[in-house]
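Q: Please take a close look at one part of this structure, beginning with what it keeps away from the surface. How does that part relate to the rest of the chain?

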Amino acid sequence: GDIKIDPCDRCAVLMVNVCDPIHTNLEEIVIHELLHLKLYAMDQTIEKYLNAVYGADESCPRRELAYGDFMVLLESTVHDLTKSFLALGGEDKTLSFGRLQREVAQELGGDEPF
């Protein structure tokens, strides 16, 4: 999934790749992306501060390190919140593992999800 956000017009477009065999829980994808929508202002504020401290050059190693750390924290927070919402009221409480699932499947010698 992906979400494109226009804060000026207060609208967003949620995009879902229905052909992705790894992510079959549509409810999980929608919740995950809607949480990104809710956290968008925080995301943009942190990026603004990173630019103020390290500059806007995305190839700067220090900025790249700080931005990478932030993105890992953001994604893990969104993933944990998604799990919580699914556990509370989701129809399909099974979570996908995304990239990790693909990496494990390849390492185990197959393309099938485990």
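A: In helix α3, the residues Arg63, Phe70, Leu74, Val78, Thr82 and Leu86 are buried, where buried means under 20% relative accessible area, exposed over 50%, and partly exposed in between, for a 1.4 Å probe with protein chains only. The model is predicted, so local features need pLDDT of at least 70 and side-chain atom pairs count only at pLDDT 80 or more, while totals for chains, interfaces and linings use all residues. Residues are numbered from 1 along each chain as its sequence is written, and side-chain values use heavy atoms, with hydrogens and water left out.

Helix α3 covers residues 61–89, which is 29 residues. From first C-alpha to last, α3 reaches 42 Å, close to the 42 Å expected at 1.5 Å a residue; the expected span is 1.5 Å times one less than the number of residues. The cover over the buried residues of α3 includes α1 and α2, the latter at residues 40–54. Contact here means heavy atoms within 4.5 Å.

The buried side of α3 also enters the largest nonpolar core, whose six residues are Ile31, Leu35, Phe70, Leu74, Val78 and Leu86. Such a core is a set of buried Ala, Val, Leu, Ile, Met, Phe, Trp, Tyr and Cys residues joined through side-chain atoms within 4.5 Å. The elements that give two or more residues to this core are α1 and α3, and α3 gives the most, with four.

On the side of α1, leucine 35 shows how the two helices meet. Apart from neighbours within four places in sequence, leucine 35 is in contact with Val78, Leu81, Thr82 and Phe85. Helix α1 itself occupies residues 26–38. Its 13 residues should span 18 Å at 1.5 Å a residue, which agrees with the 18 Å between its end C-alpha atoms. Buried in α1 are Glu28, Ile29, Ile31, His32, Glu33, Leu35 and His36. The cover over these buried residues of α1 includes β1 (residues 2–6), β2, α2 and α3.

Charged side chains add further links. Three salt bridges are found in a search of the whole structure, each a side-chain nitrogen of Lys or Arg within 4 Å of a carboxyl oxygen of Asp or Glu. In one of them, the side chains of glutamate 47 and arginine 63 meet at 3.8 Å, N to O. This pair links distant parts of the chain, with glutamate 47 in helix α2 and arginine 63 in helix α3, 16 residues apart. Arginine 63 counts as buried because its relative accessible area is 3%.

Another salt bridge stays within α3: the side chains of aspartate 80 and lysine 83 meet at 3.5 Å, N to O. Both residues of this pair lie in that helix, three residues apart, about one turn. Aspartate 80 is partly exposed, since its relative accessible area is 41%. Lysine 83, at 36%, is partly exposed as well.

Elsewhere, lysine 4 and aspartate 2 form a salt bridge of 2.9 Å, N to O. Lysine 4 is partly exposed at 46% relative accessible area, and aspartate 2 is partly exposed at 30%.

The surface offers another view. Leu14, Val16, Val18 and Leu26 make a nonpolar surface patch of about 340 Å². Patches consist of residues with over 30% relative accessible area and no salt bridge, with like charges joined within 9 Å and nonpolar side chains (Val, Leu, Ile, Met, Phe, Trp, Tyr) within 5 Å. Within this patch, valine 18 lies in the loop between β2 (11–15) and α1. Valine 18 counts as exposed because its relative accessibility is 72%. Between valine 18 and glycine 1 there are 9.0 Å in space, C-alpha to C-alpha, although they are 17 residues apart in sequence.

These parts belong to a chain with four helices and two strands, arranged along the sequence in the pattern β-β-α-α-α-α. Helices (H or I, at least four residues) and strands (E, at least two) are DSSP runs, numbered from the N terminus. Of the chain's 114 residues, 23% count as buried. Among contacts between residues at least 6 apart in sequence, 55% join residues at least 24 apart. The chain exposes about 8,300 Å², of which carbon and sulfur atoms supply 58%. Accessible areas come from the Shrake-Rupley method with a 1.4 Å probe, and for residues only the protein chains shown count as cover.
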